[in-house]
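Me: I'd like to walk through this protein with you, a bit at a time. Can I throw some questions at you?

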Amino acid sequence: MSSIRVTTPQAAYDVTIAPGLLRTLYPRLRKLNAGRPAKTFVITSPEIWALWHDRFLASFPADAQPSVLFLPRGERHKRLAAVESLANQLVLAGADRDSILLAFGGGVIGDVTGFLAAIYMRGIRYVGLPTTILAQVDSSLGGKTGVNLAAGKNLIGSFHHPLAVYSDIDTLATLPAAELRAGLQEAVKSAIIYDAKLFLYLEQNASSILGESSHKSDSGRIEHRPSKPGVASSKALEKVITASVRVKADVVSKDEKESGLRMILNFGHTIGHAIEAATHYRKLLHGEAVAWGSIAALHVSLNRGRITHEDFVRMANLILRYGPIPAFRADPAKLVALTSGDKKKRSGRRAFVLTTGIGATEIAYDVTDAELLTATTAMLEDMKQA
Ligand code: NAD
């Protein structure tokens, strides 16, 4: 079991990572809330609840069962209407200022629940119980909560940190294989930007992290096959998730509100967001779009002479190793045009995250559209070879 402390000016809390955490949830929540009786409300999706409710409820005594509120799965439910509906349900179920929300699901459940907790009765407490890799390594910590508008993702929100995060590795066993791989791209990103040791571990242990069995084909090529779709080795995964959480915890502890360092977490996101928009958020998972975006960012870094060709190859190969990342078709010029939204967010300046070597980054404010065009064209070429 690992426990990592997040400390920011607004809040301090622990992220606990281990298998079997759900089975001991009730005593953990009691400890967290010592001496203050509180009603608990689980916010989850029907699918996740169907898979995991037995384990979830195993430690709750009969007279302290939590109420369960459902949010249908999918990014399209991450909207204000869902927050209003859940808030109404909370009122009807008797939630008060001392109540605690339990966000049990992926990043969508976490973002909606965190935002609901930020504004319900001007702010109540919530605990993160993330069930996807992306949520365990990224979205459950750091305090960013919110919902989408028709005009764009995450445009309404608030900084509101959880009281604690419990990441039960066991829950990843039911995650679809593509979600698992896309989530691991966040770990690859953390390694590239901040943690050379994690990079090496991801390079050397890909098969066990992905739960694959390797075997030699007739042609002598090493082939990797998933031993069972979606099921990965929990020891190796725990190690990767813990190291990635350390990266994020360290970064947000140093820069909670993204005025500087926290921006490095956006590595691969400038082009990644453009790819998501160009493919109408349907063809690729977020982690997959960021993976291609990261390859484009590697090209910018290489073309600027910030990384060696050898490091470029190692980093690009690691991203591809945690694939397959679905291919898509797009006009590179259109992708570049779609990055202009990024500029608007920061008073006309685009902050572009470059790597300067494995585990190191810098933020550049002078990356031109012409550089992005060259890089996205090269990335689309790489896609044909992959
Ligand atoms: P998600 O929440 O949509 O979950 C992906 C799918 O997996 C869903 O269909 C879900 O029902 C299913 N699922 C979840 N856990 C499962 C399990 N254990 N077994 C079987 N199925 C399971 O997607 P996500 O990738 O977890 O999160 C994406 C969201 O996170 C986006 O909205 C993104 O904007 C947000 N995000 C937020 C932050 C932040 O700092 N707040 C950071 C990164 C991403």
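**Salt bridges and the ligand**

Me: Let's start with E75. Is E75 buried, exposed or partly exposed?

Reply: Keep in mind that this is a predicted model. The relative accessible area of E75 is 34%. Buried would need under 20% and exposed over 50%, so E75 counts as partly exposed.

Me: Which side chain meets E75 in a salt bridge at 3.9 Å?

Reply: We want a side-chain nitrogen within 4 Å of a carboxyl oxygen. The N to O distance here is 3.9 Å, and the partner of E75 is K78.

Me: And K78 itself, is that buried or exposed?

Reply: The cut-off for buried is under 20% relative accessible area. K78 has a relative accessibility of 4%, so the residue counts as buried.

Me: Which residues are linked with E75 and K78 in a network of salt bridges?

Reply: We already have the pair of K78 and E75. The network takes in two other residues, and these are D111 and K153.

Me: How many salt bridges does the count come to?

Reply: The rule asks for a Lys or Arg nitrogen within 4 Å of an Asp or Glu oxygen. By this rule, the count is 18.

Me: Now the ligand. Which residues come nearest to the ligand?

Reply: There are 23 residues around the ligand. One of the nearest is our old friend E75, and the list goes on with G107, T131, T132 and T174.

Me: What distance separates a polar side-chain atom of T131 from a nitrogen atom of the ligand?

Reply: A polar contact needs N or O atoms within 3.5 Å. T171 also has a contact with a ligand nitrogen, through a backbone N or O atom at 2.9 Å. For the side chain of T131, the distance is 2.8 Å.

Me: How much of the ligand's accessible area does the protein cover?

Reply: On its own, the ligand has 860 Å² of accessible area. The share covered by the protein is 86%.

Me: How many residues of each class are in the shell around the ligand?

Reply: Helices α2, α4 and α5 and strand β8 each supply at least two residues of that shell. By class, the shell has six nonpolar, eight polar and nine charged residues.

Me: Where is N154 found?

Reply: A polar side-chain atom of N154 lies 3.5 Å from an oxygen atom of the ligand. Phi of N154 is near 55°, a positive value in a residue other than glycine. With a relative accessible area of 43%, N154 is partly exposed. N154 is found in strand β8.

Me: Which other residue has a phi near 55°?

Reply: Look in the loop between α10 and α11. The residue there is partly exposed, at 49% relative accessibility. Its phi is positive though it isn't glycine, and its name is H280.

Me: How many residues apart in sequence are E362 and R306?

Reply: Their side chains meet in a salt bridge, 2.8 Å from N to O. E362 lies in strand β13 and R306 in the loop between α11 and α12, so the pair ties together parts whose separation in sequence is 56 residues.

Me: Which residue forms a salt bridge with D369?

Reply: The closest N and O atoms of that pair are 2.9 Å apart. D369 is partly exposed at 36% relative accessibility, whereas its partner is buried at 4%. That partner is R350.

Me: What kind of peptide bond joins G323 and P324?

Reply: P324 has its place in the loop between α12 and α13. Omega is about 10° for the bond between G323 and P324, and the bond is cis.

Me: How far apart in space are P326 and R246?

Reply: P326 lies in the loop between α12 and α13. In sequence, P326 and R246 are 80 residues apart. In space, from C-alpha to C-alpha, the distance is 29 Å.

Me: Last one: which residues form a nonpolar patch on the surface?

Reply: One member sits in strand β7, namely L149, which is partly exposed at 37% relative accessible area. Together the patch has about 250 Å² of accessible area, and its members are L80, L149 and L155.

Note on methods
Residues are numbered from 1 along each chain as its sequence is written. This is a predicted model: local features need pLDDT of at least 70, side-chain atom pairs count only at pLDDT 80 or more; totals for chains, interfaces and linings use all residues. Side-chain values use heavy atoms; hydrogens and water are left out. Patches are made of residues with over 30% relative accessible area and no salt bridge: like charges are joined within 9 Å, nonpolar side chains (Val, Leu, Ile, Met, Phe, Trp, Tyr) within 5 Å. Accessible areas come from the Shrake-Rupley method with a 1.4 Å probe; for residues, only the protein chains shown count as cover. Helices (H or I, at least four residues) and strands (E, at least two) are DSSP runs, numbered from the N terminus. Buried means under 20% relative accessible area, exposed over 50%, partly exposed in between (1.4 Å probe, protein chains only). A residue is near a molecule or strand if one of its heavy atoms lies within 4 Å of it. A polar contact is a pair of N or O atoms within 3.5 Å; within protein, one must be able to donate a hydrogen and the other to accept it, and residues adjacent in sequence count only if both atoms are side-chain atoms. Ala, Val, Leu, Ile, Met, Phe, Trp, Tyr, Cys and Pro count as nonpolar, Asp, Glu, Lys and Arg as charged, and the others, Gly among them, as polar.
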